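Biologist: Walk me through how the helices pack and where the pockets lie. I want the reasoning behind each label.

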Amino acid sequence: MTAAATVPRLIVGLGNPGAGYAKTRHNAGFWFCEGLACDLGAHFSFESRFHGFVASVREGSRPPLWLLMPQTYMNRSGQSVVALARFYRILPDEILVIHDDLDLPPGQMRLKLGGGSGGHNGLKDTTAHLGVPDYWRLRIGIGHPGDRDEVTNYVLKPPRQEERVSILEAIDRALAAWPLLANGDWEKAVQRLNTRPKPPKPLKPLPETPSGPADKETP
């Protein structure tokens, strides 16, 4: 089956469980999943056998679409992903994993099939459990602190306000492209999501009000 014909059956948002992590950069994958569930009218419930929050969507004769937010902490994400994938016989190339990415600035995204983990512990564990790297990934840019020793502290803190706005705008663009993803039109989705957003046009200065001749005093 070609990638273009493969329809996603499992959408995985990576993050850490608990209110203390909810607003951190590392939870960008959760933010996408929550937004998609809202758009599709799906509701999450905790499934202990899948070690995470799970929602499902059924449309016509299509196989159910599953949304998953692992609750195993980031470095054990694969345990949750493989439990659901094996139970429902979902192939790796039918899985889309959404995760934060240090190598992209806030506001940018990259959609790709396969590849390495880029040092992301959630991807490392997912690949290890699936046994192959051949699943789709949507990388949500969060920026880099500039010092590798600060990475852990950086991803586990909330983004600054302007960064958060850019990240959420990127997620909104990804959600708007969902029809392409849902239909397995990966090529068009890649073209749309991997395009850098255009910077806002600078505001034009207001035209100066022409000054007319001074009023003459009427005698």
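Modeller: Start with H1 and H5 in this predicted model. Ala-28, Trp-31, Phe-32, Gly-35, Leu-36 and Asp-39 of H1 meet Arg-164, Ile-167, Leu-168, Ile-171, Ala-174 and Leu-175 of H5.

Biologist: What makes those residues a contact of H1 and H5?

Modeller: Contact means heavy atoms within 4.5 Å. The listed residues of H1 and H5 meet on that basis. They divide into 9 nonpolar, 1 polar and 2 charged.

Biologist: Why is H1 called oblique to H5?

Modeller: The axes of H1 (residues 28-40) and H5 (residues 161-176) cross at roughly 45° and come within 10 Å. Angles under 35 degrees count as roughly parallel, and 65 to 115 as roughly perpendicular. The crossing angle falls in neither range, so H1 is oblique to H5. The crossing is right-handed.

Biologist: Now H2 and H3. Why are they oblique to each other?

Modeller: The axes of H2 (residues 77-87) and H3 (residues 121-130) cross at roughly 40°. Under 35 degrees would count as roughly parallel. H2 and H3 are therefore oblique. Their axes come within 7 Å, and this crossing is right-handed.

Biologist: Which residues make the contact of H2 with H3?

Modeller: H2 brings Ser-77, Gly-78, Gln-79, Val-81, Val-82 and Arg-86. H3 brings Gly-122, Asp-125, Thr-126, His-129 and Leu-130. The set divides into 3 nonpolar, 6 polar and 2 charged.

Biologist: What makes Gly-78 and Gly-122 part of the polar count there?

Modeller: The classing does. Gly is counted as polar, so both glycines of this contact fall in that group.

Biologist: On to the pockets. What is the volume of the largest pocket, and what lines it?

Modeller: Its volume is about 610 Å³. The lining has 27 residues, of which His-26, Leu-102, Gly-119, His-120 and Asn-121 lie nearest the centre. Strand E5 (95-101), H3, strand E7 (136-141) and helix H4 (151-155) each supply at least two lining residues. The lining divides into 8 nonpolar, 12 polar and 7 charged.

Biologist: How do you know that the lining of the second largest pocket has no polar residues?

Modeller: Go through the list. Val-7, Pro-8, Leu-40, Val-57, Pro-63, Leu-65, Trp-178 and Ala-182 line this pocket, and Val, Pro, Leu, Trp and Ala count as nonpolar. Arg-9, Glu-59 and Arg-62 also line it; Arg and Glu count as charged. The tally is 8 nonpolar, no polar and 3 charged. About 170 Å³ of space lies in this pocket.

Conventions:
Residues numbered from 1 in each chain as written. Predicted model: local features only at pLDDT ≥ 70, side-chain atom pairs only at ≥ 80, totals over all residues. Heavy atoms only, no water. Axes fitted to C-alpha atoms, helices over the stretch in contact; angles between N-to-C directions. Helix = DSSP H or I, 4+ residues; strand = E, 2+ residues; numbered from the N terminus. Parallel < 35°, antiparallel > 145°, perpendicular 65-115°, else oblique. Left-handed = near helix turned anticlockwise from the far one by under 90°. 1 Å grid on protein atoms, 1.4 Å probe; cavity = no way out; pocket = protein on both sides within 12 Å on 5 of 7 lines; lining within 4 Å. Points joined across faces, edges and corners; volume = space filled by probe spheres on them.
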